[in-house]
Amino acid sequence: MADDLHAVARFLFEAGVLKQNRRTGWWMAGVRDPESVAEHAWRTSLIASVIAQLEGADPARAALMAVWHDSQETRTGDMNHLGKKYAPGPDPQAVTADQTADMPEVLASAVRAWVGEYEAKESPEAVCARDADKLECLLQGLEYLAQGYENAQRWVDNSRGRLVTDTGKRLADELLNQGSLDWLRAALGEKP
């Protein structure tokens, strides 16, 4: 059994790379120290569970896909939309297959299935996870706007236009109508 986990242990170290990899598109907006891919994936997973629950889909399954949706970026880095114009991005399923090749088959096949379902964009959970990816970008853009990065508005607008679920669109509208510290004021009992 210990030998079976050798590749899993290696991958767990590899996954730590996502804590260092920065989301490169934000550099074009002038953000000096943008969020990491891991930070993005965590909040995307949280948002995916919320959207899925409200859409009547399986929140755990949507969150699980969101956790894995950018895991390939340990090997490819974060390729932004402009970069993809010149060099098509790598196939996430092929990268995942390589990452999981030596893992126990019960785990490797599950991970490949989660990534494949996300990439297929067909199941309700995959749609919710993909909307969560866009909504997290919108939310991060609003936070960067609040920090004075005016160019982040483009990411907010583009992300809003790519949402497909009713819940995702409604959440975006709510986010657009709030300030990034309204939650703190409410928690402290302050009036708006």
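Me: A salt bridge is a side-chain nitrogen of Lys or Arg within 4 Å of a carboxyl oxygen of Asp or Glu. With which residue does Asp 173 form a salt bridge?

Reply: This is a predicted model, in which local features need pLDDT of at least 70 and side-chain atom pairs count only at pLDDT 80 or more, while totals for chains, interfaces and linings use all residues. Residues are numbered from 1 along each chain as its sequence is written, and side-chain values use heavy atoms, with hydrogens and water left out. In the salt bridge of Asp 173, the closest N and O atoms are 3.2 Å apart, and the partner is Arg 160.

Me: In which helices do the two partners, Asp 173 and Arg 160, lie?

Reply: Helices (H or I, at least four residues) and strands (E, at least two) are DSSP runs, numbered from the N terminus. The pair links distant parts of the chain, its members being 13 residues apart. Asp 173 is in helix 11 (residues 166–176), and Arg 160 is in helix 10 (residues 153–162).

Me: Is Asp 173 buried, partly exposed or exposed?

Reply: Buried means under 20% relative accessible area, exposed means over 50%, and partly exposed lies in between (1.4 Å probe, protein chains only). Arg 160, at 24%, counts as partly exposed. Asp 173 has a relative accessibility of 34%, and therefore it counts as partly exposed.

Me: With which residue does the side chain of Asp 166 meet in a salt bridge?

Reply: The N to O distance in this bridge is 3.6 Å. Both residues lie in helix 11, four residues apart, about one turn of the helix. Asp 166 is partly exposed at 49%, whereas its partner is exposed at 53%. That partner is Arg 170.

Me: How many salt bridges does the count give?

Reply: One of them brings together the side chains of Glu 105 and Arg 112, at 2.8 Å from N to O. In that pair, Arg 112 is partly exposed, with 28% relative accessibility. By the rule stated at the start, the count of salt bridges comes to 14.

Me: How many disulfides does the count give?

Reply: A disulfide is a covalent bond between the sulfur atoms of two cysteines. The rule used here asks for a pair of cysteine sulfur atoms within 2.5 Å. The sulfur of Cys 128 has its closest cysteine sulfur in Cys 137, 18 Å away, and therefore it is too far for a bond. The count of disulfides comes to zero.

Me: Are Cys 128 and Cys 137 buried or exposed?

Reply: Cys 128 has a relative accessible area of 2%, so it counts as buried. For Cys 137, the value is 10%, so this residue counts as buried.

Me: Which residues does His 40 touch, residues up to four places away in sequence not being counted?

Reply: His 40 is in helix 3 (residues 37–55) and is buried, at 0% relative accessibility. One of the residues it touches is 96 residues away in sequence, yet 7.1 Å away in space, C-alpha to C-alpha: Glu 136. With contact taken as heavy atoms within 4.5 Å, His 40 touches Arg 23, Glu 35, His 69, Asp 70, Asp 133 and Glu 136.

Me: Which residues does Gln 140 touch, with the same exclusion of residues up to four places away?

Reply: Gln 140 is found in helix 9 (residues 124–146). At 8% relative accessibility, this residue counts as buried. Gln 140 touches Trp 26, Glu 35 and Arg 43.

Me: What is the value of phi at Lys 121?

Reply: Most residues other than glycine have a negative phi. Lys 121 lies in the loop between helix 8 (105–120) and helix 9, and it is partly exposed at 48%. Its phi is positive, although the residue is not glycine, and is near 60 degrees.

Me: What percentage of residues 16–168 is helix?

Reply: UniProt lists these residues for "domain: HD" in an unreviewed entry. UniProt positions are given in the numbering used here, feature names are shortened, and annotations may be inferred rather than shown by experiment. Over this range the end C-alpha atoms are 29 Å apart. Strand makes up 0% of the range, and helix makes up 68%.
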